[in-house]
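Colleague: I'm new to this one and would like a close look at a single part, the place where the ligand sits. Could you walk me through that spot and then through what is built around it?

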Amino acid sequence: MIVVSCSHGAHLGRKIAKLLHKSHSSLSVDKFPDGELRVRLDCDIEGKEIALVQSFYKDVSDCIVEVILAARTAKELGAKKIVLIAPYFPYMRQDKRFHKGEAVSQRIIASLFDKYFDAVYIMDPHLHREDKLWHIFRVKAEKLTANHLIAGYIKSNVKNPVIIGPDEESYKWASNVAGMLGAESRILMKKRYSSYRVKVTLNKKLDLNRKNIVIVDDIISTGHTILETAKELRKLGARTIYCVCVHGIFANDALGKLRKAGIKVISTNTIPSKFAKIDVSALIASSLK
Ligand code: R5P
């Protein structure tokens, strides 16, 4: 196997290759003046298994085009098997037609990957109405989770934690992590009005006496889900609030807003940032063995 780091995958690709004792190569990617991408595989492909590592953040559409160009090229150059390792895989939240005429992006994007890959490995995909990754993809699709790493981080860094899930969808992370820690947990209710406007409510009593609050969720994008959750918890007298997520997208000024609200943010390194304190490389490597 050759592990190939794509433009948004090098922060994990190298480590994964090293842990697996496999060779590593970087995909060369540049942009023509008109915005089109040019990609080049710099390793010998014929007869090899190729694992492309790409985390789909920031320039999401370019990230998608890039790996499709790379996968198709690997096929043309005789790769035996082509797998995608996606520390963060996008478009999973649009899993139904919320408004008339809207694309159900989850399935459409998955079908693109079905065409070019033999298998996909995705870290904590946002699955809600459709719970099974293998119902979304036709090729082998494996879901990996950082829940035990998140639980381990909380155990080592936060005393007396009470785990909060900000919405019904977060139970897969919050309740599971709480279970691993033997900690109390609560799942709040969220209503989303727009990308930046959400309302979060706690409709069950919660005693925060001598407890440290840890909000656990899969994604922080605009940060508004966490900001509203913190606002609700502050009403109960919460002081220190931690938030641990898998995928720190931190769109626009999310981090500035979270910091201003006094929330201590920690994420895994599926997306690199200075808050990415939980390393998922060994977990990904072991799933590929
Ligand atoms: C959705 O249900 C996800 O689990 C996150 O709660 C959501 O994506 C966070 O988005 P934002 O940070 O923009 O509120």
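Modeller: Let's start at the ligand and work outwards from there. Keep in mind that this is a predicted model.

The ligand has 15 residues around it, and the closest are Arg-93, Asp-217, Asp-218, Thr-222 and Thr-225. If you sort that shell by class, you get 7 charged residues, 6 polar ones and 2 nonpolar ones.

Now zoom in on some polar side chains. Thr-225 has a side-chain N or O atom 2.5 Å from an oxygen atom of the ligand. Lys-190 also reaches a ligand oxygen, with a polar side-chain atom 3.3 Å away. For Asp-167, the distance from a side-chain N or O atom to an oxygen of the ligand is 3.3 Å. How much of the ligand's accessible area does the protein cover? On its own the ligand has 370 Å² of it, and the protein covers 96%.

Which elements supply that shell? Two or more residues each come from strand E11 (189–194), strand E13 (212–220) and helix H7 (224–234). E13 gives the largest share, with 4 residues.

So E13 is a good thread to follow into the fold. This strand belongs to an open sheet of 6 strands, paired in parallel, and the order is E10-E9-E13-E14-E15-E16. At the edges you'll find strand E10 (185–187) and strand E16 (276–278), each of which pairs on one side only. Going from one strand to the next, the twist averages 30°. E13 runs parallel to strand E14 (residues 241–248), and 7 bridges join the two. One residue you've already met turns up here: Asp-217, among the closest to the ligand, has Cys-245 in E14 as its bridge partner.

Two helices pack on this sheet. Helix H5 (residues 147–157) touches strand E9 (161–165), E13, E14, strand E15 (263–268) and E16, and its direction makes about 155° with that of E14. H7, which we met in the ligand shell, touches E9, E13, E14 and E15, at about 160° to the direction of E13.

Stepping away from the ligand, there is another open sheet to look at. Its 6 strands come in the order E2-E1-E5-E6-E7-E8, again with parallel pairing. Strand E2 (23–26) and strand E8 (140–144) each have a single partner strand, so one side of each has no neighbour in the sheet. Here the twist from one strand to the next averages 20°. Strand E7 (residues 119–123) runs parallel to E8 and is joined to it by 5 bridges. Within that pair, Ile-122 sits opposite Lys-143 in E8.

Look next at helix H9 (residues 281–288). H9 lies across strand E6 (81–86), E7 and E8, and runs at about 155° to E7. Ser-287 is a handy residue to pick out in H9. A polar atom of the Ser-287 side chain lies 2.6 Å from the backbone oxygen of Ile-284. Setting aside neighbours within four places in sequence, Ser-287 is in contact with Tyr-121, Glu-142 and Leu-144.

Conventions: Residues numbered from 1 in each chain as written. Predicted model: local features only at pLDDT ≥ 70, side-chain atom pairs only at ≥ 80, totals over all residues. Heavy atoms only, no water. Near = heavy atom within 4 Å. Polar contact = N/O pair within 3.5 Å; in protein donor to acceptor, adjacent residues only side chain to side chain. Areas by Shrake-Rupley, 256 points an atom, 1.4 Å probe, with all protein chains shown as cover. Nonpolar A, V, L, I, M, F, W, Y, C, P; charged D, E, K, R; others polar. Pairing = 2+ DSSP bridges. Axes fitted to C-alpha atoms, helices over the stretch in contact; angles between N-to-C directions. Contact = heavy atoms within 4.5 Å.
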